[in-house]
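Got the viewer open and a hand on the selection tool? Here is a short tour, one stop at a time.

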Amino acid sequence: MKQSVTVELGGRPLTVETGRLAKQASGAVLVTYGETMVLVTAVATDDIREGIDFLPLTVDYQEMSYAAGRIPGGFFRREIGRPSDKETLTSRFIDRPIRPLFADGWSYETQLIATVLSMDQDNEPDVLAITGASAALAVSDIPFASPIAGIRLGRIDGKFVVNPSKADLEKSDMELVVAGSKDAIVMVEGGGAFIPEEEMLDAIFFAHQAMQPAIEAQEKLIALSGKAKRQVPPRAEHPELMARVTEVGTASLKEAITVADKMARHDAVKEAKRGVLAQLAEQFPGQEKDIKNCFYDLERLLLRQMIVTEKRRTDGRRFDEVRPITCEVGILPRTHGSALFTRGETQAAVITTLGTSQDEQKIESISGDSFKSFLLHYNFPPYSVGEAKNLRGPGRREIGHGALAERAIKRVLPTAQEFPYTIRVVSEIMESNGSSSMATVCGGILSLMDAGVPIKAPVAGIAMGLIHEGDSIIILSDIIGDEDHSGDMDFKVCGTTEGITALQMDIKIPGMTRDVLRSALYQARDGRIHILGEMDKGLDHPRGELSTYAPKLVTIEVKTERLKDIIGPGGKTVRGIQAETGARIDIEDSGKIHIASSIMGATDRAIAMIRAIVQEPEVGQVYKGIVKKILDFGAFVEILPNLDGLVHISQLDIARVKNVRDVITEGDEVMVKVLEIDPQGKIRLSRKATME
């Protein structure tokens, strides 16, 4: 039976409905906001997936073209193939806040599908999908903790705006996607125009308060239609085995986790695990997997105890200490810009390439077609962590890390008017031990400056962690991989000396207070300022000139009515200029023409050829023209490309002319003077004046 609840969210009604669509799913909810509608379904299998120690959850978000009254492009004219970056990032938005809220030990294959059915262009569906995913799980029989909701937050003229429209976002100096439960914030993603830490805190907690109506709506829907939850099979407890693993493995494991070098540390941990397995195999036959699980639990416990009790990190650093940093620029001679950023055992080689408007990325979505002139691509090859795997295309991790770095850097790029290039930055992770996305931000800025891109200010990024044990809360700067895996919060902050440009936060425990988040933000700021200082040693300002191999781009402007002359029939004229000069020419309808080439002098030659085509005649000026047509009363002479004027028979010669053909014939080159240009643009010429 259909049940729905409507509340007010951000000054507009939000409706959460169940029981009408997809009734065979474990849980299905339709979320409506304005005329945007998102259907989210949750389905869990009946059989346990054996032999796994992780949550088997799949989340897919899909935007259907029909939702906005569009037909997809491409040969098949249907939504097929790999998801767009927007769909991938939204799938991550949904997955990250809900994953920690499943019942411990849940090992049934679970799938969430969020489908945009209607899109009104004012209300973005991605944050509705977060709320819908929570609601679908909440009304289903799948064990799930307290409901969560997602909202987007902007700020216009100092005032926060909940779920701003696209037009509002263009005026906003920040954009955050925040997810939270009734009592806690669980995810933050977004950025802004150099937002001070205290203002960012205000935004996060304002968003948490603003989302409460959406959580209340889910609680009412659960009361109306919620199903009884399945019982989760209790996790097998092995107290005797855990005691023996602790007894046998503590000494060797304690020593192993204090090895500073990542690969050596992992080898030492593997050796400790082999020792435990060898000693306990006879006492606990057939329980190798259980022994390993107890060993992993012990490793996490000892690492956290070392940090909380002994006040010591794996690699011996202070809690607020950043690993050693080296910065190199110009490492690749034929690229337009390059940098190598190394922080401890994390290293990124970042390359910048400059192009023209023809290199912009066209994006087709239900919001309409758009173009991107700044692209940041992040690659994480298996060798970066000492593994041998199939080399595949970018996955959700690569797309997510690239989007975070792109958001961090985009705020400091020059405008298209200041620097009319398409910019592509590629980060190749050479090695990784914690926060390669933040190394991408730092290396990306150095690479851009090496390419001569006039950025507004350098940006740096730092990854923070948090350990919460009892009454102790430890905040860690520049976390390594093992600290990330064992911690309670993953927190990445990017910005300049003035403020934050990008933020990503995932909180795995409830009850994160404002004071704790404030401490984390300010400790991150100190680390960011330190990293910026180290980056200055590599390169402290953009180079004054572009690379010899970068295209030299010049923009000129002509009258729009002359564009057809430059383009020529079927594009013949402009193609001829490009073929002759080697320059690349982009023509805008506004009359702006961008000419680019890395060939010496090619840009100047192309400009000269275009100028010759659009040159305007001047009264009193003498031109060498070609006779195009002869009539009884005179002749038409082309004085500029596709521009001719009339030489009357009386102006052909000093002597009286009876027959035009007695003096000139078609194809002759003649010198003529412009006598007059009338208001209609007709040109009167004289050959006689040049002879006098």
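Start with the second largest cavity, which holds about 40 Å³ of space in this predicted model. To see its walls, select Glu17, Thr18, Gly19, Arg20, Leu21, Ala28, Val29, Leu30 and Leu39. Colour those by class and you should get 5 nonpolar, 2 polar and 2 charged residues.

Now switch on the cartoon around that spot. Which strands each supply at least two residues of this lining? They are S2 (12-18) and S3 (27-33). S3 gives the most, with 3 residues.

Next stop: the largest cavity, with a volume of about 60 Å³. Pick out Tyr33, Asp122, Asn123, Glu124, Val127, Leu128, Arg152, Asn163 and Pro164, the residues that line this one. Here the class colouring gives 4 nonpolar, 2 polar and 3 charged residues. If you go hunting for others, the count of cavities of 30 Å³ or more comes to 2.

Leave the cavities and select residues 239-256, which make up helix H6. Put a distance between the C-alpha atoms at the two ends: they are 24 Å apart. Why does that agree with what you'd expect of H6? At 1.5 Å a residue, its 18 residues should span 26 Å, so the two values agree. While you're here, click on Gly249, where H6 bends by about 55 degrees.

Stay on H6 and show side chains. Is Gly249, the residue at the bend, buried or exposed? Gly249 is buried, and so are Leu241, Val245, Val248, Thr250, Leu253 and Ala256. What do these buried residues pack against? Bring up helix H7 (262-280) and helix H8 (288-308), and you have both partners on screen.

For the last stop, jump to strand S12, residues 337-343, and centre on Ser338. Ser338 has a relative accessible area of 0%; anything under 20% counts as buried, so Ser338 is buried. Show what surrounds this serine, skipping residues up to four places away in sequence. One group of contacts is Glu328, Val329, Gly330, Ile331 and Leu332. Ser338 also touches Val350 and Ile351. Further along the chain numbering, add Ser447 and Asp450 to the selection, since Ser338 touches these two as well.

Definitions and conventions
Residues numbered from 1 in each chain as written. Predicted model: local features only at pLDDT ≥ 70, side-chain atom pairs only at ≥ 80, totals over all residues. Heavy atoms only, no water. Helix = DSSP H or I, 4+ residues; strand = E, 2+ residues; numbered from the N terminus. Expected span 1.5 Å × (residues − 1). Bend = angle between axes of the 7 residues up to and from the residue. Buried < 20%, exposed > 50% of the residue type's maximum accessible area, 1.4 Å probe, protein only. Contact = heavy atoms within 4.5 Å. 1 Å grid on protein atoms, 1.4 Å probe; cavity = no way out; pocket = protein on both sides within 12 Å on 5 of 7 lines; lining within 4 Å. Points joined across faces, edges and corners; volume = space filled by probe spheres on them. Nonpolar A, V, L, I, M, F, W, Y, C, P; charged D, E, K, R; others polar.
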